[in-house]
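Please go through the backbone and helix-packing features of this model with me. The dialogue should give the general idea and then the case at hand.

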Amino acid sequence: MSLSVLNAISPIDGRYRSKASELASFFSEEALIKYRVLIEIEYFIALCELPLPQLSDVDHNIFDDLRAIYKEFSAEDALAIKKIESVTNHDVKAVEYFIKEKFDTLGLSKHKEFIHFGLTSQDINNTAIPLSIKEAMNEVYVPEYFTVLQKLKELVEEWKDVPMLARTHGQPASPSRLGKELAVFVTRLEEQFNLLNDIPSAAKFGGATGNFNAHHVAYPDIDWKAFGKTFVQEKLGLHHSFPTTQIEHYDHMAALFDCLKRINTILIDLDRDVWTYVSMDYFKQKIKKGEVGSSAMPHKVNPIDFENSEGNLGIANAIFEHLSAKLPISRLQRDLTDSTVLRNVGVPFGHTIIGFKATLKGLNKLLLNETKFAQDLENNWAVVAEAIQTILRREGYPNPYEALKGLTRTNEAINKNSISNFIDTLEVSNTIKDELKRITPSNYTGV
C-alpha cells in the first residue's frame with residue numbers, strides 16, 4: 001500500500017500534510033540520508049585540503065563533482081542507500097558504501113578508503129542532525145514565526161486605542177486597551193526569540209569515544225582537535241562540542257527545544273485569551289461561504305483555529321519536553337536511545353508549524369465588535385473606584401479605600417450616576433470633584 005494523506009498514521013503526513021510538507025526537506029528519512037552524504041563528502045574534501053599525504057594527489061577541481069553527489073541527491077539515490085542498508089543493517093555504513101560507488105565512477109577508487117576515515121557513525125549523525133535542525137529553523141521556522149509576530153504587531157497598532165474592560169480572576173478590573181493586551185504577547189515572543197538566537201547549534205566530531213583515537217594513531221603529528229573544530233565551525237557553520245563522549249551531549253539542543261517550547265506556550269496563552277474574547281463576543285469571525293460550524297447547529301461559527309493551534313502546540317511541547325529531558329542523558333559513552341528519539345525530531349517542528357499557521361488563520365478572521373467593548377465598560381463603572389481612591393490618597397483624604405469599598409462592594413449596580421453622586425458627598429474641593437468626574441471606564445486605561 002503506497003503512503004497517502006488518507007492512510008498515513010501521523011496527521012503531520014496525513015490530514016496536515018499540506019501545512020507541514022516543507023519540513024520534509026529537513027526531517028524526512030530521505031533528508032537525513034542526504035545530510036549524512038553531505039557530511040561524508042565535506043569531510044573527505046577537508047582531508048584533501050589538509051592534506052593527508054595519501055590525498056595530496058587529488059585534483060581539487062573534482063570537488064565540484066563530489067559536492068554534486070549531495071547537491072543533486074535524489075529520491076532514487078536515497079532508495080539505493082536503503083537497499084544497501086537492507087544488507088548492512090547499518091544506516092551510516094550504507095551511506096559510506098554508496099559514496100564509494102560514486103568514487104569509482106569519478107576515478108577516485110584508490111582514495112575511497114578515506115571516506116569515513118577514523119570516524120564513528122555518531123560523527124556523521126551528530127553533525128547531520130544539528131545541521132538539518134539549524135537549516136529548518138532558518139528556512140521554515142523563523143519565517144513562520146515572523147509571519148505570526150508581524151500579524152500581532154499589525155493588530156497592536158490597529159487596536160492600540162480601543163479601550164477594553166480588563167479582567168483579573170475573570171472579574172471586572174482596571175480597564176486596558178486591546179492593543180496593549182496583544183503587545184504583551186509580542187514582547188514575550190520577541191524576548192524568547194532573542195534567547196533562541198543565543199543558543200549554539202552544537203555538533204560532536206571526534207571519533208569513536210570523542211578523543212580522535214584513530215586519527216591520532218594514524219597521523220600523530222596532526223592537530224586533530226583543531227582540524228575538527230575548523231571542520232565543524234567553518235565548513236558546516238556549527239559549534240564544535242569538545243570534549244565529548246561518543247555522542248554530542250545535547251545540552252545546547254535541549255536548550256533549543258526548551259526555548260521553542262516556551263514560545264509555543266506563549267502562543268497557547270494567546271490562543272486561549274483570544275478564544276475567550278470570542279466567547280465574550282468581543283470578536284466576530286469572518287464567515288467563509290460553504291463552511292459549517294456544527295453538524296447540528298447551523299448558526300455556529302466556532303474559534304476552531306485557536307483550538308487547533310492550542311492542540312498542536314501542546315503536542316509539540318510534550319515531545320520537545322521529552323527530547324530536552326532525555327537527550328542529555330546517556331549511559332557511559334552512549335546508548336542507542338538518543339538515536340531512537342532523534343528520529344522524531346521533525347514531529348514537534350511539524351506540530352509547531354501547524355500551530356503557527358492555525359493561530360495566524362484565526363487572527364486573520366477576527367472582526368472587532370466595538371459595541372460589545374463599549375457596553376462592557378459602561379456596565380462596569382465600579383472599576384473607576386480604584387482611580388477615585390488613589391486620587392483621594394494623593395489628597396490626604398481619610399480612609400479612601402474603605403470609603404470606596406463601601407460604595408462598590410455590593411450586589412447593587414454601580415453606574416455613572418451612582419459614582420457621580422458619591423463624588424458629590426466627598427469633602428474635597430470642587431476642582432478635585434471635577435477631576436474625579438472626568439474619569440470614566442473608557443478613559444481610565446493607564447499608559
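What follows is a short tutorial on helix packing, cis peptide bonds and positive phi.

A: The model is predicted, local features need pLDDT of at least 70, side-chain atom pairs count only at pLDDT 80 or more, and totals for chains, interfaces and linings use all residues. Residues are numbered from 1 along each chain as its sequence is written, and side-chain values use heavy atoms, without hydrogens and water.

Q: At what angle do helix H12 and helix H14 pack?

A: Two packed helices are described by the angle between their axes and the distance between the axes. Here H12 (residues 304-326) and H14 (residues 346-364) pack at about 155°, with axes 8 Å apart. H12 and H14 are therefore roughly antiparallel (angle over 145 degrees). Helices are DSSP runs of H or I with at least four residues, strands are E runs of at least two, and both are numbered from the N terminus.

Q: Which peptide bond leads to proline 51, cis or trans?

A: Most residues other than glycine have a negative phi, and most peptide bonds are trans. The bond from leucine 50 to proline 51 is cis, with omega near -15°; proline 51 is in the loop between H3 (29-49) and H4 (63-71). The bond from phenylalanine 242 to proline 243 is also cis, with omega near 0°, and proline 243 lies between strand E4 (239-241) and helix H11 (251-279).

Q: What is the phi of histidine 169?

A: Histidine 169 has a positive phi of about 60°, although it is not a glycine. Its loop joins strand E1 (163-168) and strand E2 (171-177).

Note on methods. Axes are lines fitted to C-alpha atoms, for helices over the stretch in contact, and angles run from 0 to 180 degrees between N-to-C directions. Angles under 35 degrees count as roughly parallel, over 145 as roughly antiparallel, 65 to 115 as roughly perpendicular and the rest as oblique.
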